[in-house]
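Let's take a walk through this structure together. Have the sequence and the model at hand, and follow along one stop at a time.

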Amino acid sequence: MAYGRHGQQARDPQHYRVLVHSLFSSPTSITLGNIVTTAVPLFCWHVTRDTTFVPVFLVSSAVLLLRIVIFVRYHLAIRQREQSDVEMAAWDREFFLSATAMSVVIGMTAYFAVANTEDVSAHVITITTVIAFSAGYIARNAGRPFIVVVQLMAMCVPLSIGLLLAEEPYYSWIAVFTLLFVASNIAILFSLNRNLVELAAARKRSERLAASLRSKNVTLDTALNSMVHGMVMFSANLELELANSRFADMYRLSAGDLAPGLRLTEMLDRLIKAQVLSHGCARDLGEACRRALQSGRTNEVELLTERGQIFVVHTELTPDGGILMVTEDATERKAAAAQIERMAHTDNLTGLPNRFRFNQVLRKLCTDAQCGGKSFAVFYVDLDNFKSINDSLGHEAGDRLLIEVAQRLQAVLYRGELVARFGGDEFLLLTRPMRPEDAADAGRRILDAMSPPFTLAGRTLHVTTSVGIALMPEHGRDQSDVLRAADMALYEAKSAGRNTFVLFDPKIAENLNSRRELEQDLREACRNGDLFLHYQPIVNLRSRRVVSYEALMRWKHPVRGLVPPSTFIPIAEDTGLIAEMGEWAIKQACLDARAWPDDVSVAVNVSAFQFKNTAGLIAAVQAALLASRLPPSRLELEVTESLLIEDQEASVQAIQALHQLGVRFSLDDFGIGYSSLAYLARYPFSKVKIDRTFAQHVTVEGPSRSIIEVVCQLAARLGMRVVVEGIETEEQREEVERIGAEQAQGYLFGRPEPVSKLVPPREVAA
Ligand code: C2E
Ligand code: MG
Ligand code: MG
């Protein structure tokens with residue numbers, strides 16, 4: 001390729017194009033120079049009249065024209081489109097040939113003038129022209145040194161030969177000088193060319209550097225302006241150096257407000273004036289910057305803007321001693337964090353603090369109390385029968401009940417006290433320190449708060465609660481102690497019949513422990529068959545004949561002796577053992593009754609708990625009847641009102657199903673508890689057993705007697721029989737008989753006895 005031949009440096013095409021272009025860069029100099037070279041032979045012909053110069057003049061004119069044409073064509077071509085590498089090589093070639101031709105013309109003119117003529121003026125003009133052009137070419141065409149070398153040779157070699165042939169000693173010296181001049185010029189030429197090439201390379205490098213810097217700047221700019229945080233940089237003397245657009249947006253500043261050189265104090269003043277920051281916040285921000293500057297440590301400051309945004313500003317020292325300030329708009333982050341914190345500590349339904357929050361507060365109070373701080377009281381509140389309300393009225397009503405209970409409990413509290421929902425229907429209150437008598441007052445206030453009826457699902461409902469109270473530090477040294485004490489007190493309140501409060505007492509813990517032991521022993525008694533039945537007669541008052549025997553369960557404890565059913569039946573109910581025990585009682589009672597006269601029935605107590613598995617109960621009764629072959633009409637099942645109050649559809653259906661089998665039902669312990677006469681009409685009872693507390697006072701005029709009277713009348717109308725329980729004296733017997741009761745049960749007629757001692761089975765002495 002052209003550049004391969006003509007220039008060893010022009011390896012880089014880009015570079016080569018620049019050098020070729022430089023050859024055509026000055027048309028004026030080329031044109032004027034060539035006019036001079038055309039004029040020189042004309043001048044020589046004029047002064048010498050030597051005709052040799054005429055053809056030289058003509059050739060020179062032709063070369064001048066040719067060069068002008070090449071120049072014009074080149075400039076037209078590059079104006080039209082960028083020239084390819086091959087085209088550039090062609091232009092290089094054309095320039096080289098035309099320039100060499102012109103140099104040959106100059107050289108030949110000088111040769112003819114010096115060798116063939118005696119005219120000094122012709123000598124001077126041609127010698128100076130060759131020297132001047134040689135120097136000029138070096139400067140002009142240094143980009144293409146090969147062309148220049150050829151040009152120098154083409155001009156200076158014929159001149160030197162001419163000078164030597166002139167046989168003038170001075171001219172010979174000039175010839176030598178000319179050749180030395182050429183040699184030194186070639187050296188200068190190459191040095192110039194090297195500089196040129198280096199200059200071009202340096203320019204290229206600097207252009208590349210500038211382009212890369214420009215692109216880096218753009219990238220940095222884009223990065224800065226697309227940051228989610230606002231960023232500013234101040235110099236060591238706190239003058240603004242740089243700010244991104246996010247910073248301007250966050251602080252409601254314009255780009256003009258943030259001109260480099262703006263002092264930090266000026267910027268803070270602007271923020272105060274524009275009501276972006278208060279005086280206090282602006283001062284905090286300024287101090288954070290100055291602190292970072294002095295200590296060199298990162299600082300963080302939180303600002304609340306006048307618009308209510310929360311800005312978290314980090315300030316730190318930059319490597320050149322300035323300040324970098326990054327602002328995060330933390331409004332949403334903080335709000336979300338606060339919301340999560342609230343949710344983690346709050347019960348969703350009632351809006352009260354939850355168990356987690358309660359434990360936190362309790363832990364803190366316990367630690368304070370241990371360190372001699374204030375004591376306090378814990379109230380464990382649990383709704384009575386919440387589950388049945390939830391089951392019968394639906395969860396929505398249950399939820400509304402809990403919300404209202406929460407509100408009522410809050411109303412009971414004094415300032416600084418806390419109520420939390422512990423889960424389900426359990427609430428916990430933390431109150432100020434109190435003496436036992438104050439705790440009782442507070443317990444009463446809680447029960448009173450629940451006494452107004454609740455309206456749920458269009459029904460008016462009375463809901464009661466049980467409350468366990470523990471005092472710190474009297475009843476516990478730490479959090480778990482005091483909570484356990486309150487829990488035990490609550491358990492005691494539940495066992496005591498609910499709708500009451502109990503203040504913890506160490507005896508409660510003892511009772512509970514012995515109850516746990518009993519629980520264990522009862523399980524074993526069930527497994528070992530340590531339970532047995534006693535039978536107590538129920539007699540017809542008029543005929544004095546035994547109409548039935550009530551089966552009453554007994555447990556002989558290996559250490560404690562006979563444990564009363566009032567102790568072990570509630571334990572059996574709590575632990576679920578009652579299902580198994582009740583099944584056994586029905587089966588055993590039916591088997592025992594099989595041996596009795598046909599008109600003597602057996603009555604078995606059935607706990608409300610057994611109705612939780614109605615299918616199991618029905619199956620157990622059927623199995624007992626089948627195994628004993630006892631007619632169903634001789635089996636009576638005694639249930640209490642607690643079963644009916646819950647009004648469970650499944651219980652009603654089970655009673656109906658068993659009734660249809662022929663089994664009879666008695667309503668036990670009537671008169672205590674809820675005592676709704678409506679139950680008597682609604683369920684298929686064949687007997688109602690009036691609780692023994694009424695028999696105690698039946699001999700004196702009063703409500704007991706009236707109640708027995710009314711129940712007897714109503715039962716007669718409904719076709720039911722009345723049994724009065726607990727007849728111990730002859731007077732009581734006479735009185736209940738006179739009132740109109742048909743049957744009675746009590747020590748007067750016989751105590752509960754083992755089946756073997758039931759003599760005489762038919763009649764009792766009374
Ligand atoms: P209940 O069904 O009302 O049984 C009558 C209770 O009154 C019996 O107490 C009986 O001994 C007692 N009693 C009878 N006549 C008199 C009297 O003239 N004076 C006095 N002071 N008491 C009299 P007991 O045997 O202690 O049973 C207590 C309760 O335990 C029963 O009351 C019953 O509710 C429950 N119970 C007993 N056995 C069973 C059972 O097998 N299953 C279930 N679920 N409960 C049972
Ligand atoms: Mg009974
Ligand atoms: Mg009873």
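N540 is buried in this predicted model, because its relative accessible area is 15% and anything under 20% counts as buried. The residue is found in strand β13, which covers residues 531-540. From there, the side chain of N540 reaches the backbone nitrogen of S543, at a distance of 3.1 Å.

Now let's move to the metals, beginning with the magnesium ion that is ligand 2. Its protein donors are E550 (OE), N605 (OD1), E638 (OE) and D668 (OD), and they lie 2.0 to 2.2 Å from the ion. Along the chain, these donor residues follow the spacing E-x54-N-x32-E-x29-D. N605 belongs to strand β16 (residues 601-605) and E638 to strand β17 (residues 635-639), so this pair ties together parts that are 33 residues apart in sequence. How well covered are the two, buried or partly exposed? N605 counts as partly exposed, at 29% relative accessibility, whereas E638 counts as buried, at 2%.

Next comes the magnesium ion that is ligand 3. Its protein donors come from D668 (OD), D669 (OD) and E725, which is listed with OE twice, and they lie 2.0 to 2.7 Å from the ion. The spacing of these donors along the chain is D-D-x55-E. Which residue bridges the two magnesium ions, ligand 2 and ligand 3? It is D668, and the two ions lie 3.9 Å apart. D668 is buried, with a relative accessible area of 5%, while D669, the next donor of ligand 3, is partly exposed at 23%.

Some of these residues turn up again around ligand 1. This ligand is surrounded by 20 residues, and the closest are E550, R554, N605, D668 and E728. The side chain of E550 has an N or O atom 2.9 Å from an oxygen atom of ligand 1. R554 places a polar side-chain atom 2.8 Å from an oxygen atom of the ligand, and N605 does so at 2.9 Å. On its own, ligand 1 has 790 Å² of accessible area, and the protein covers 83% of that. The elements giving two or more residues to the shell are β14 (546-557), α19 (565-575) and β18 (664-670). Among these, β14 gives the most, with 4 residues. Sorted by class, the shell around ligand 1 holds 7 nonpolar, 5 polar and 8 charged residues.

For the last stop, look at strand β5, made of residues 323-329. Of its 7 residues, 5 are buried, so the strand is largely enclosed by the rest of the structure. Strand β1 (residues 230-234) runs antiparallel to β5 and is joined to it by 5 bridges. Strand β4 (residues 310-317) also runs antiparallel to β5, with 7 bridges between them. Which residue of β5 is the bridge partner of L317? The partner is I323, and F234 stands opposite I323 too. Between β4 and β5 the hairpin has 5 residues between the strands, and in this hairpin G321 takes a positive phi near 85°.

Key. Residues are numbered from 1 along each chain as its sequence is written. Chains are lettered from A and ligands numbered from 1 in the order in which they are written. This is a predicted model: local features need pLDDT of at least 70, side-chain atom pairs count only at pLDDT 80 or more; totals for chains, interfaces and linings use all residues. Side-chain values use heavy atoms; hydrogens and water are left out. Donors are N, O and S atoms within 2.8 Å of the metal (3.2 Å for Na, K and Ca); water is not among the atoms, so sites may look incomplete. Buried means under 20% relative accessible area, exposed over 50%, partly exposed in between (1.4 Å probe, protein chains only). Two strands pair if DSSP finds at least two bridges between them. A residue is near a molecule or strand if one of its heavy atoms lies within 4 Å of it. A polar contact is a pair of N or O atoms within 3.5 Å; within protein, one must be able to donate a hydrogen and the other to accept it, and residues adjacent in sequence count only if both atoms are side-chain atoms. Accessible areas come from the Shrake-Rupley method with a 1.4 Å probe; for residues, only the protein chains shown count as cover. Ala, Val, Leu, Ile, Met, Phe, Trp, Tyr, Cys and Pro count as nonpolar, Asp, Glu, Lys and Arg as charged, and the others, Gly among them, as polar.
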